[in-house]
Structures are given as structure tokens and as C-alpha cells.
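Biologist: I'm new to this one, so could you take me through a single part of it, slowly? I'd like a close look at the nonpolar core and whatever sits around it.

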Amino acid sequence: QGTRFELGFTGKKLVFSPVNHFSDISFSLLFNIFIIKEDNRKANFKDKIVENTIQTINNLKITEEEKEQRKKIIIEALNKIFNAPLIILLFVDVNTYPDLVIYDGALAAQNIMLTAHALGYGSSFQTSFFPEQIVKDFFSIPEDFKFICALPIGKAVQIPRIPEKKPLETFIWKRIFTGIYQ
């Protein structure tokens, strides 16, 4: 019997159960979730990510004007990500079954995002802004955990329009192979 772990949002909850507690701010099944809700901790983490981003851009062999443009665009994106009331960092234990565990992490992320969406919240799968070693160093994550993604969760500014359904024939191709089963 595991312990219920709830992330609350104004009366609605994302509930993960059963779980084994990894520490006071994460839990583990085949994956581990690290939750950032505390504003000053989130701000310190954001500062570290922005610092790394600026350093990376400064090392590019592009003009100063291009560097400033990229910094502006990326910092705007990071501000939107860190504006979310909750950021989940998802890790997998590479000792479980190293060749496949990354897929479990991606599936776990998808399920968290679908649950958030079902409750009326927006989320996104973020990797590029979060270099694994910086994330692991900042939160003292052991080396045998692989970072999968960051999932900011909050009220969506805009819900994307659902596209019109296309006929099945437009994206399924029939190919016939010759051989013994013909």
C-alpha cells in the first residue's frame, strides 16, 4: 500500500498513487518526480538556468546583435515557463532497466500532462532550456538518475484550437511487401 501524493490547485488535485517517498519533495515508481512550488526556490533555479543560457549564447560565434536577440527571446520563454505555479522535474532511475527506462519517463510525462489537461490546466514538455547536469547539480540529484523533462503546470494563457479531423486515409499508407506471405 503506497502513500497518496496530491498536488493541489484551487480545489482540483493531481493525485499520484501508490508511491514510495524518495524524499520529502519527490517520489518514485520507475520514475522520480521532483516538484518545485516554493517561489524563492523556483526563482533561484530560474536564475541558474538563465545564467547558463546567457553563458551558452555568449559562447556562440555570432554577432553581438544576434546574441542579444536570442537572449531576449529565450529569457521571455523562460519567464513564461517559470511563471507556472508548479514545475515538475521528471527523472528515471537508470538502474531499473537502462535501455528502456527513458521511454517510461516519457510516458509518465505524457500521463501527467494529460491529467493536468483533464483538470483544466496547461502544461508543456521542456528539455532544451534545462541542461541535465545543471538540473542535477542544482537539486543534488544522484548520478544514477536521468533527467527526462521539466513540466510547467498552470492555467493556460490560451488553449490551442482543436484541428479539424482528417480522414484516416490522409495519413495511413498501405504498402504491400512481396515474399513468402503473399
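Modeller: Let's start with how the pieces get their names: helices (H or I, at least four residues) and strands (E, at least two) are DSSP runs, numbered from the N terminus. With that rule, K71 falls in helix α2, and we'll come back to that lysine later.

A word on where all this comes from. The model is predicted, so local features need pLDDT of at least 70 and side-chain atom pairs count only at pLDDT 80 or more, while totals for chains, interfaces and linings use all residues. Residues are numbered from 1 along each chain as its sequence is written, and side-chain values use heavy atoms, with hydrogens and water left out.

Now the overall layout. The protein chain has four helices and eight strands, and from the N terminus on they run β-β-β-β-β-α-α-β-α-β-α-β. Of its 182 residues, 32% are buried, where buried means under 20% relative accessible area, exposed means over 50%, and partly exposed is in between (1.4 Å probe, protein chains only). Contacts (heavy atoms within 4.5 Å) often span the sequence: among those with a separation of 6 or more, 66% are between residues 24 or more positions apart.

On to the core itself. A nonpolar core is a set of buried Ala, Val, Leu, Ile, Met, Phe, Trp, Tyr and Cys residues joined through side-chain atoms within 4.5 Å. The largest one here has 19 residues, and F45, F82, L89, F91, F130, V135 and F139 have the most contacts inside it. At least two residues each come from β5 (31-36), α1 (39-58), α2 (64-82), β6 (86-93), α4 (132-139) and β8 (145-154). Apart from this core lies another, of 16 residues, including I35, L90, A116 and I148. As a general point, nonpolar side chains tend to be buried together in soluble globular proteins.

Zoom in on F82. Leaving out residues up to four places away in sequence, F82 touches K42, F45, K46, I49, I87 and F130. Two of those names turn up again when you look at rings. Rings of Phe, Tyr and Trp (its six-membered ring) pair if their centres lie within 6.5 Å; planes under 30 degrees apart count as stacked, over 60 as edge-to-face and the rest as tilted. The count by this rule is seven aromatic pairs, and ring pairs tie F45, F82, F130, F138 and F139 into a cluster.

F139 brings us to α4, whose buried residues are I134, V135, K136 and F139. Right after α4 comes S140, with a positive phi near 55°. Across from this helix, K48 in α1 touches I134 and F138, again not counting residues up to four places away in sequence. K48 and F138 are 90 residues apart in sequence, yet 8.1 Å apart in space, C-alpha to C-alpha. K48 is partly exposed, with a relative accessible area of 33%.

Next, the strands. Nine of the 10 residues of β8 are buried, so this strand is largely enclosed by the rest of the structure. Two strands pair if DSSP finds at least two bridges between them. β8 pairs with β6 in the antiparallel sense over eight bridges, and L89 has A150 of β8 as its bridge partner. β8 also pairs with β7 (residues 122-123), antiparallel over two bridges, with S123 standing opposite I153.

Last, back to helix α2 and two of its lysines. K71 is buried, with a relative accessible area of 13%. The K71 side chain makes a polar contact with the side chain of N58 at 2.7 Å; a polar contact is a pair of N or O atoms within 3.5 Å, where within protein one must be able to donate a hydrogen and the other to accept it, and residues adjacent in sequence count only if both atoms are side-chain atoms. Beyond four places in sequence, K71 touches I54, I57 and N58. K67, also in α2, is buried too, at 8% relative accessible area. Beyond four places in sequence, K67 touches I57, N58, L60 and I62.
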